[in-house]
Amino acid sequence: MFARLGDYQHKQRNRMKFLIKALGWTRWREEYDRELAACRLRGEVPTLEIDPPESEPRPEWAKDSSPSVGHIASRVLAGRVNGPGMTPTIVPLFHAGDDQYARWRATNVHPQKQFGYVMAIASVPLGDLSSEQMRVLGELARAYGDGAVRVTPDQDLLFRWVNACDVRQLYRRLAAAGLGLAEAGTIADVASCPGAETCRLAVTQSRGLGRLLEDHLRARPDLLAAADGARIKISGCPNGCGQHHVATIGFQGSVRRVGSRAVPQYFVMVGGGAQENGAAFGRLAAKIPARRIPETVERLIALYAREKADEESAVAFFQRIDLAIVKTTLADLELLPAEDASLADFIDLGEANEFAPEVMDGECSA
């Protein structure tokens, strides 16, 4: 259908979202259904069954033996991470205490509907793994799960069919691999697109901001406790691969000029989110220099804690609050006169040299 109706005369608009806008949803859906029916009649495309079954039987498998904590730690420490850009920081934890385990279990473990089994999440900051960590994850999946690992929309990893009796042993080994962080599904579990580090379309180094925010929030338990379900997502450009538009607090990379020099900045969007009955896109509240984003997050959390109704989640709060109140809260952070700009303001997060955005043709021709 896209091959027949796509806009091949204008490369920048030759994408499905523009075709939907041009045709309108009703006409687009009619064309799609017509093409799907024709494909099925011709037998050219197999019909995929994507709906899950009503019930899922317990897998019958012979579990592998688990590598020891010490063996895992020595392997991940011996591996070398090569290449340019930001690389994962691997800190094996040999002796995880009860408090650390209790917090991880509270945020990273969820019951399955099958009695006696749970789903366990390995938090992976920025989605970064070393090759040796990936090998360890495969071994742990065969020893404690069903042999598979699923990737979540938050760039974490999910083990299914973990026996509830084995959760602590799995945690000890994840911690030994440097993957024992708690706070999965909280505001500290920041998701980011690759950004300008590798993407030809990105404006800013979104991963640099992602790492800064994760480190900042994990060091502030008071902010984690006050944020109540808020999520942060970051994209380095308007294409939105980091899904910033459907986050409680979303950041979209951009640039501003201070004199003749470029400053990395982010559009701040609030109130996005996806629910079972649909999605709400965030509303633009401010345009703030990159170095001020941690303070932006602190102010937004404080606003929520101060103004929320009883039992109101952060998602519901930022969807209903008057946008003018949010703009007033952040207004002074937007200002950056030349006389107040520091050297750091002209350097993107995660970079050492002065910010010099260069947007090139990408693989999607966007």
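Let me start with a term: contact here means heavy atoms within 4.5 Å. With that in hand, meet Val270. Leaving aside neighbours within four places in sequence, Val270 is in contact with Thr248, Gly282, Arg283, Ala285, Leu300, Phe318, Leu323 and Val326.

Before I go on, a word on the source. This is a predicted model, where local features need pLDDT of at least 70 and side-chain atom pairs count only at pLDDT 80 or more, while totals for chains, interfaces and linings use all residues. Residues are numbered from 1 along each chain as its sequence is written, and side-chain values use heavy atoms, with hydrogens and water left out.

Back to Val270, then. Val270 is found in strand S8, residues 261–270. Helices (H or I, at least four residues) and strands (E, at least two) are DSSP runs, numbered from the N terminus. Is Val270 buried or exposed? Val270 counts as buried because its relative accessibility is 0%; the cut-offs are under 20% relative accessible area for buried, over 50% for exposed, and partly exposed in between, with a 1.4 Å probe and protein chains only. Ala286 is 16 residues from Val270 in sequence, and their C-alpha atoms are 9.6 Å apart in space.

Now for the nonpolar cores. By a nonpolar core I mean a set of buried Ala, Val, Leu, Ile, Met, Phe, Trp, Tyr and Cys residues joined through side-chain atoms within 4.5 Å. The largest one has 36 residues, and Ile187, Ile232 and Phe251 touch the most other members. Helix H10, residues 293–307, supplies the largest share of this core, with six residues.

Take Ile187 from that group. Outside its neighbours within four places in sequence, Ile187 is in contact with Leu217, Leu224, Ala227, Ala230, Ile232, Ile249, Val297 and Ile301. Another core, of 30 residues, lies apart from the largest one, and Ala141, Ala143, Leu157 and Ala177 are among its members.

Phe251 deserves its own moment. Phe251 has its place in strand S7, residues 249–258, and counts as buried because its relative accessibility is 0%. Between Phe251 and Ile288 there are 9.6 Å from C-alpha to C-alpha, and the two are 37 residues apart in sequence.

Next, helix H6, residues 131–144. For those of you who like a sanity check: at 1.5 Å a residue, the 14 residues of H6 should span 20 Å, and the end C-alpha atoms are 20 Å apart, which agrees. The expected span there is 1.5 Å times one less than the number of residues. Which residues of H6 are buried? They are Glu132, Gln133, Val136, Leu137, Leu140, Ala141, Ala143 and Tyr144. Their cover includes helix H4 (69–78), strand S3 (149–151), strand S4 (157–163) and H7.

Leu137, in H6, is buried, with a relative accessible area of 5%. Setting aside neighbours within four places in sequence, Leu137 is in contact with Leu129, Val149, Leu157, Phe159, Leu174 and Leu179. The C-alpha atoms of Leu137 and Ala247 are separated by 28 Å, with their positions 110 residues apart along the chain.

A couple of backbone angles for you. Trp161, found in strand S4, has a phi near 60°, a positive value in a residue other than glycine. Trp161 is buried, at a relative accessible area of 1%. Asp228 also has a positive phi, near 40°, and is a residue other than glycine. Asp228 sits in the loop between helix H9 (221–227) and strand S6 (232–235), and counts as partly exposed at 40% relative accessibility.

Finally, the pockets. On a 1 Å grid over the protein atoms alone, a pocket is an open set of points with protein on both sides within 12 Å along at least five of seven lines, unlike a cavity, where a 1.4 Å probe fits but cannot get out; lining residues have an atom within 4 Å of a point. Points are joined across faces, edges and corners, and a volume is the space filled by probe spheres set on them.

The largest pocket holds about 610 Å³ of space. It is lined by 23 residues, and Thr89, Pro125, Gly178, Leu181 and Arg218 are the closest to its centre. Helices H5 (98–108), H7 (167–176) and H8 (206–218) are the elements that give two or more residues to this lining, and H8 gives the most, with four. By class, the lining has eleven nonpolar, five polar and seven charged residues. For those classes, Ala, Val, Leu, Ile, Met, Phe, Trp, Tyr, Cys and Pro count as nonpolar, Asp, Glu, Lys and Arg as charged, and the others, Gly among them, as polar.

The second largest pocket has about 290 Å³ of space. Of its 16 lining residues, Ala196, Glu351, Ala356, Pro357 and Glu358 are the closest to the centre. That lining divides into eight nonpolar, three polar and five charged residues.

Thanks, everyone!
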